Amino acid sequence: MDDLFEGYATGPWWDEMLEAPGSPRATSLDLHAALQSLSAAELEERCAERDRSFRDRGITFSLSGEERPFPLDPVPRLVSPGEWSAIERGVAQRVRALEMFLADVYGEGQVLADGIVPRRLVATSRHFHRAAWGIVSPNGVRIHVSGIDLVRDARGEFRVLEDNIRIPSGVSYVVENRRTMARIFPELFTSHRVRPVLDYPAHLLAALRAAGPEPSRGEPVVVVLTPGVHNAAYFEHSFLARQMGVELVEGRDLVCRANVLYMRTTAGEERVDVVYRRVDDDYLDPLHFRADSLLGCAGLLNAARAGNVTIANAVGNGIADDKLAYTYVPALIEYYLGERPILANVPTYRLEEPDQRDHVLGRLDELVLKPVDASGGHGIVVGPSATDEQLASAATAIRADPRAWVAQEVVQLSTVPTKVGSHLEPRHVDLRPFAINDGSQVWVLPGGLTRVALTRGSLVVNSSQGGGSKDTWVIAEGSEQHAGRETAGRDTAGRERTAAAALAARPANLPANLPANLRSPELAPEVSTSPKQQQQQQQQQQQQQQDRKQERKQERKQEPC
């Protein structure tokens with residue numbers, strides 16, 4: 001039998017499965033034993049089945065302009081009940097504080113008057129939108145969905161790396177990773193009771209409906225607004241719409257009249273109450289932002305201000321996940337909640353402060369430099385692995401605009417065994433737990449998206465930079481090794497109940513421009529069409545592609561993981 005762990009080397013970082021070579025941690029004993037029982041050929045066969053499944057279901061992402069199956073590593077990541085309890089409480093605490101900060105910034109501004117956060121931070125942020133001032137959703141929620149990125153340091157402690165509260169992406173891969181793992185590795189679920197993740201769409205739909213503006217009108221009509229099929233996260237947009245049983249729309253499917261939003265459907269116009277938008281602020285409403293945008297809907301912000309529609313997440317949230325604002329979050333938690341932060345930040349330097357800037361410029365080769373408003377790992381300079389030219393260019397950029405950068409101490413991210421060739425090797429990971437706020441509580445999805453740097457020694461885990469993902473298993477509270485299981489059948493049964501409930505509430509009308517292949521509410525529809533129908537669909541698709549030529553010029557690769 002092959003030893004998948006042959007040559008596996010632990011280092012100065014925290015390895016989540018092994019304390020030392022051949023010595024698994026208590027939480028990983030059964031998983032380690034199950035992996036040891038597999039041969040390299042068996043593991044390769046399971047991975048081939050994984051790739052076929054992803055291709056067949058269109059679970060892909062864009063890398064360098066090429067659509068590829070999302071790289072799911074077959075070794076899951078385990079999180080103990082105690083560890084998850086701290087993460088869950090820490091993420092919820094952070095979201096509550098950021099909610100209060102946004103309400104304050106777009107309201108009375110007391111936090112600025114008290115000097116907790118300097119006014120210049122808000123005034124100089126390109127994500128602060130005056131057009132959003134004074135707009136309050138009916139249930140007071142601005143951060144309906146958030147993704148808080150966590151890393152584990154050399155001592156095994158979780159720290160917050162950054163906040164994502166504009167339009168965080170990646171949750172569809174959390175759900176699909178679990179479905180795929182349950183299919184290709186059912187035996188790995190026999191040793192642990194793993195908390196389910198497939199009820200996320202039901203929680204999201206409930207939170208969006210809770211944000212509806214007029215309860216007297218009955219159940220709110222919810223839509224998912226996408227930039228279109230060429231967007232890097234389009235799979236997630238269509239996935240969530242199908243799972244929630246709501247309509248997936250583009251900007252041209254919507255129209256505002258008398259400060260009321262309507263959706264064009266095959267049966268006429270239908271009023272919309274809640275827009276779960278996956279379009280950046282700048283492209284959302286051409287009346288207030290980019291006048292040349294074809295991705296949003298003119299008048300949408302006016303309708304929100306009039307209280308006739310809720311935009312989730314709220315416009316202007318980006319001020320709170322500006323990486324400079326991140327440095328003030330611990331102070332915001334104490335200011336608004338009167339609590340100590342449960343999850344600490346990574347040590348971060350504010351380069352607009354002269355003393356800290358001088359300190360950083362003298363240590364560029366030891367630190368990580370980040371643009372304050374970038375995402376997806378773009379623009380990051382990792383000092384220890386950067387060239388002299390890259391460091392010199394970063395120093396010039398910092399001196400020219402120190403507000404645009406922060407610097408962080410290098411955190412040796414924890415590692416998890418990852419398939420590399422025919423064996424397992426340690427690779428660095430982070431974790432993005434997703435939280436949903438329905439106005440009464442902040443619910444944190446048990447697990448979240450584990451992203452893994454597939455290149456040896458790399459700390460950049462973003463899929464847009466060549467990273468992959470893992471299924472994240474949160475062990476159920478009170479469970480012991482061999483005490484029970486969450487079988488694939490139990491998880492799938494829960495998904496079917498969620499899907500059935502969503503489909504029962506699904507509105508009958510469809511967006512007029514929705515492609516025919518997306519009109520079926522099934523999770524994986526099998527549609528039999530005649531040659532004539534196929535020809536008609538091809539003609540429709542060709543016409544749609546021609547119509548989008550102008551729109552493509554404005555569409556950009558948003559929402560990288």
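Me: Contact here means heavy atoms within 4.5 Å. With that in hand, which helices and strand are included in what covers the buried residues of H11?

Reply: Happy to start there, and do keep in mind that this is a predicted model. The buried residues of helix H11, which spans residues 329-337, are Val 329, Leu 332, Ile 333 and Tyr 336. What covers them includes helix H3 (81-105), helix H4 (110-113), strand E7 and helix H10 (323-326).

Me: How wide an arc do those buried residues of H11 cover around the axis?

Reply: An α-helix has 3.6 residues a turn, so residues three or four places apart point the same way. In H11, the buried set is Val 329, Leu 332, Ile 333 and Tyr 336. They lie on the same side of H11, because the arc they cover around the axis is only 105°.

Me: Is Asp 163 buried or exposed?

Reply: Asp 163 belongs to strand E7, residues 158-164. The cut-off for burial is under 20% relative accessible area. Asp 163 has a relative accessibility of 3%, so it counts as buried.

Me: Which residue's side chain makes a polar contact with the side chain of Asp 163?

Reply: Beyond its neighbours within four places in sequence, Asp 163 touches Arg 94, Leu 98, Gly 147, Ile 148, Asp 321, Tyr 326 and Val 329. One of these, Val 329, is a buried residue of H11. The side-chain polar contact, at 2.6 Å, is with Arg 94.

Me: Let's turn to H8. How many of its residues are buried?

Reply: Helix H8 covers residues 234-244. Its buried residues include the charged pair Glu 236 and Arg 242 as well as Phe 235, Phe 239 and Leu 240. H8 is largely enclosed by the rest of the structure, because the buried count is 11 of the 11 residues.

Me: How are H6 and H8 oriented to each other?

Reply: Two packed helices are described by the angle between their axes and the distance between the axes. For H6 (residues 171-184) and H8, the axes come within 9 Å and cross at roughly 70°. An angle of 65 to 115 degrees falls in the perpendicular class. That makes the pair roughly perpendicular.

Me: How many charged residues are in the contact of H6 with H8?

Reply: From H6 come Val 171, Ser 172, Tyr 173, Val 175 and Glu 176, and they meet Phe 235, Glu 236, Phe 239 and Leu 240 in H8. By class, these contact residues divide into six nonpolar, one polar and, for charged, two.

Me: H7 also packs on H8. How many nonpolar residues are in the contact of H7 with H8?

Reply: H7 (residues 200-210) packs on H8 at an angle of about 80°, with the axes 9 Å apart. This makes H7 roughly perpendicular to H8. Tyr 200, Pro 201, Leu 204, Leu 205 and Leu 208 of H7 make the contact with Leu 240, Gln 243 and Met 244 of H8. None of the residues is charged, one is polar, and the nonpolar count is seven.

Me: Which residue takes a positive phi just after H8?

Reply: H11 offers a parallel case, since Gly 338 follows it with a positive phi near 65°. Just after H8, a positive phi of about 75° is taken by Gly 245.

Me: How far apart in space, C-alpha to C-alpha, are Asp 30 and Leu 188?

Reply: Asp 30 sits in helix H1, residues 29-36, and it is buried at 14% relative accessible area. Asp 30 and Leu 188 are 158 residues apart in sequence, and their C-alpha separation in space is 8.7 Å.

Conventions: Residues numbered from 1 in each chain as written. Heavy atoms only, no water. Axes fitted to C-alpha atoms, helices over the stretch in contact; angles between N-to-C directions. Helix = DSSP H or I, 4+ residues; strand = E, 2+ residues; numbered from the N terminus. Parallel < 35°, antiparallel > 145°, perpendicular 65-115°, else oblique. Nonpolar A, V, L, I, M, F, W, Y, C, P; charged D, E, K, R; others polar. Buried < 20%, exposed > 50% of the residue type's maximum accessible area, 1.4 Å probe, protein only. Polar contact = N/O pair within 3.5 Å; in protein donor to acceptor, adjacent residues only side chain to side chain. Arc of directions from axis to C-beta.
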